[in-house]
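Here is a friendly walk through one protein model, from a few individual residues out to the whole fold. Keep the structure open beside the text as you read.

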Amino acid sequence: MFKDKIAVITGAGGTLCSEIARELAKEGAKVVLVGRTEEKLTKVYDEITKNGGTAFVYACDVTDKEAVAKLALTVKDKFGLCDYLINGAGGNNVKAMPTITKFDPREMTGDLGEGERGLYDIDMDAFKSVLDINTMGTVIPTMEFAKQMIEKGKGSVINFASMNTYCPLTRCFAYAMSKAAVSNLTQSFAAYFAPANIRINAIAPGFMVNERSKNYLGTVEEGLTARGQAVIGHTPMGRFGEAKDLTGCVKWLLDEKASSFVTGVTIPVDGGFLTLGGV
């Protein structure tokens, strides 16, 4: 299905997209691993090539239009025209988040306790950086690699949305705002590029296990934080997701036969999180 297909994956050094990269390489795709930290990408590259797969590492800031243009040219010269783009680069920043979950009059007088931070105390540069990586970090690679898909006559793009796309979690103002934008962008770009036979969809992962999530959610096996317990209590399947839980949906959306009439959708992969209203 994916033999010799060219798949560009941003955020490929992370837990979720590294698993997607390994799975596509196992299926015969040539995967281009893109991210800011070459060291993380190299680890994924080593795993893929050790198992007989084909991969290429390219360190790049996906919010930099000129850098992404150079990436696209390199991919074309090395492998050929891109078939698939997975926009997995993104993230949050604790400096853009208050530590309290609702307005407290003390934040207006500077009397919050040590270590507490209200909405009016957050770093607005950090806020903007979250918006930039999650939105423009999706827009720029899509526009650049869509050129190659137009030339090829077909292609598939997958963006990364979030549970925050549907209903913002407490404290995650910039992240939720940006992930809502990703879903809207997915729809508008899908409509625009449909005449070029380019399908653009998104997945919305639920609460997934990674090192960062363990710090603020805990684990079912070793104990949950209060926030982690709230998440599990809201998840009918009673567990956090794992990276491998995404790969089936990703492969379906990429497959031009299996999902040939699917474009502009955002698909939750969430263990049923969105089925519960919280009451």
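## Two residues with positive phi

Asn197 sits in the loop between α5 and β6 (198-205). The model is a predicted one, and in it Asn197 takes a positive phi of about 65 degrees although it is not a glycine. Most residues other than glycine have a negative phi, so this is a spot worth a look in your viewer. As for its surroundings, Asn197 is partly exposed, with a relative accessible area of 44%.

Arg171 also has a positive phi, here about 75 degrees, and it is not a glycine either. You will find Arg171 in the loop between β5 and α5 (173-193). Its relative accessible area is 23%, which makes Arg171 partly exposed; the partly exposed class runs between the 20% limit for buried and the 50% limit for exposed.

## The loop between β3 and α3

Cys60 belongs to the loop between β3 and α3 (65-78). Is Cys60 buried or exposed? With a relative accessible area of 6%, Cys60 is buried. Leaving out neighbours within four places in sequence, Cys60 is in contact with Val34, Gly35, Arg36, Ala67, Val68 and Leu71. From Cys60 to Lys128, which is 68 residues apart from it in sequence, the C-alpha to C-alpha distance is 19 Å.

Asp64 is found in the loop between β3 and α3 as well. At 35% relative accessibility, Asp64 counts as partly exposed. Asp64 and Gln148 are 84 residues apart in sequence, and their C-alpha atoms are 18 Å apart in space.

## Two buried loop residues

His234 lies in the loop between α7 (226-233) and α8. Its relative accessibility is 18%, so His234 counts as buried. Which residues does His234 touch, once those up to four places away in sequence are set aside? They are Gly272, Phe273, Leu276, Gly277 and Gly278. Lys40 is 194 residues from His234 along the chain, and 33 Å separates their C-alpha atoms.

Asp104 has its place in the loop between β4 and α4 (124-152). Asp104 counts as buried, at 19% relative accessibility, because the limit for that class is under 20%. Measuring tools in your viewer can also take you from Asp104 to Ser260: the two are 156 residues apart in sequence and 50 Å apart in space, C-alpha to C-alpha.

## The nonpolar cores

In soluble globular proteins, nonpolar side chains tend to be buried together. Here the largest nonpolar core has 32 residues, and Ile9, Leu24, Val31, Leu33 and Ile86 touch the most other members. Elements giving two or more residues to this core are the strands β1 (6-10), β2 (30-35), β3 (54-59), β4 (84-87) and β5 (155-160), together with the helices α1 (15-26), α2 (38-50) and α8 (244-254). Which element gives the most to this core? That is α1, with six residues.

Leu33 is a good residue to centre the view on. Not counting residues up to four places away in sequence, Leu33 touches Ile9, Ala12, Ala21, Leu41, Val44, Tyr45, Ile48, Ala55, Phe56, Val57 and Tyr58. There is also a second, separate core, made of 30 residues, and Ala67, Ala72, Phe79 and Leu85 are among them.

## The whole protein

Stepping back, the protein has eight helices and nine strands. Half of the chain is out of sight: buried residues make up 50% of the 279 residues. Taken along the principal axes, the C-alpha atoms fill a box of roughly 60 × 40 × 35 Å. A compact globule with 279 residues would have a radius of gyration near 19 Å, and the protein has 19 Å, so the two agree. Of the contacts between residues at least 6 apart in sequence, 70% join residues at least 24 apart.

Finally, the surface and the charges. The accessible surface comes to about 13,900 Å², and carbon and sulfur atoms account for 54% of it. The protein carries 31 positive and 32 negative side chains, with the centres of the two sets 5 Å apart.

Note on methods:
Residues numbered from 1 in each chain as written. Predicted model: local features only at pLDDT ≥ 70, side-chain atom pairs only at ≥ 80, totals over all residues. Heavy atoms only, no water. Helix = DSSP H or I, 4+ residues; strand = E, 2+ residues; numbered from the N terminus. Rg over C-alpha atoms; globule rule 2.2 N^0.38 Å. Buried < 20%, exposed > 50% of the residue type's maximum accessible area, 1.4 Å probe, protein only. Contact = heavy atoms within 4.5 Å. Areas by Shrake-Rupley, 256 points an atom, 1.4 Å probe, with all protein chains shown as cover. Lys, Arg positive; Asp, Glu negative; His and termini not counted. Charge placed at Lys NZ, Arg CZ, Asp CG, Glu CD. Core = buried A, V, L, I, M, F, W, Y, C linked by side-chain atoms within 4.5 Å.
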